[in-house]
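Ready for a short tour? Open your viewer, turn on the selection tool and follow along.

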Amino acid sequence: MKNEKVARSETEWKQVLTSEQYRILREKGTERAFTGKYWKHKQDGTYLCAGCGLELFSSETKFDSGTGWPSFWDAIDQTRIETRHDSSYGMHRVEALCSRCGGHLGHLFDDGPKPTGQRYCINSASLKFTNEKPGRQ
Ligand code: FE
């Protein structure tokens with residue numbers, strides 16, 4: 001069920017995630033730019049949350065931001081992304097999290113392309129790609 005929260009203990013998350021996924025999704029880490037597996041990925045399909053499998057982004061809204069992280073100008077459904085003010089590292093940013101499992105995805109900026117002007121800057125490690133179109137959940 002897409003609206004049901006996914007809650008696991010940190011021990012369980014460590015068992016189901018790779019150490020890199022755990023560091024980013026659960027400890028709010030960031031992968032180095034231009035190193036993740038999806039920043040220049042161009043196939044048609046859907047990007048799911050690597051923590052819980054919720055469909056988050058369609059390839060149709062992916063764009064090349066030049067940042068070295070996968071970037072999207074919209075989410076499949078706004079309610080699937082939770083946002084929170086993040087003042088870490090002396091910056092004022094908007095953190096983007098999966099609304100179902102609370103996993104850290106990346107940040108949301110307002111300097112994206114039309115039509116939304118938004119830029120979801122997401123870690124590859126927080127995503128899992130499938131060639132299926134969105135809408136199976
Ligand atoms: Fe999730």
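Donors are N, O and S atoms within 2.8 Å of the metal (3.2 Å for Na, K and Ca); water is not among the atoms, so sites may look incomplete. This is a predicted model, where local features need pLDDT of at least 70 and side-chain atom pairs count only at 80 or more, while totals for chains, interfaces and linings use all residues. Residues are numbered from 1 along each chain as its sequence is written, and side-chain values use heavy atoms, leaving out hydrogens and water.

**Stop 1: the iron ion.** Select the iron ion and look for the SG atoms of Cys49, Cys52, Cys98 and Cys101, which coordinate it at 2.3 to 2.4 Å. Along the sequence, the donor residues follow the spacing C-x2-C-x45-C-x2-C. Cys52 sits in the loop between β1 (46-49) and β2 (55-58), and Cys101 in the loop between β6 and β7 (104-109), so this pair ties together parts 49 residues apart in sequence. Strands are DSSP runs (E, at least two residues), numbered from the N terminus. Now colour Cys52 and Cys101: both are buried, meaning under 20% relative accessible area (1.4 Å probe, protein chains only).

**Stop 2: Glu95.** Next, select Glu95 in strand β6 (residues 93-98). Is Glu95 buried or exposed? Its relative accessibility is 4%, so Glu95 counts as buried. Show its side chain, and you will find a polar contact with the side chain of Lys28 at 2.9 Å and another with the side chain of His104 at 2.8 Å. A polar contact is a pair of N or O atoms within 3.5 Å; within protein, one must be able to donate a hydrogen and the other to accept it, and residues adjacent in sequence count only if both atoms are side-chain atoms.

Key:
Helix = DSSP H or I, 4+ residues; strand = E, 2+ residues; numbered from the N terminus. Buried < 20%, exposed > 50% of the residue type's maximum accessible area, 1.4 Å probe, protein only.
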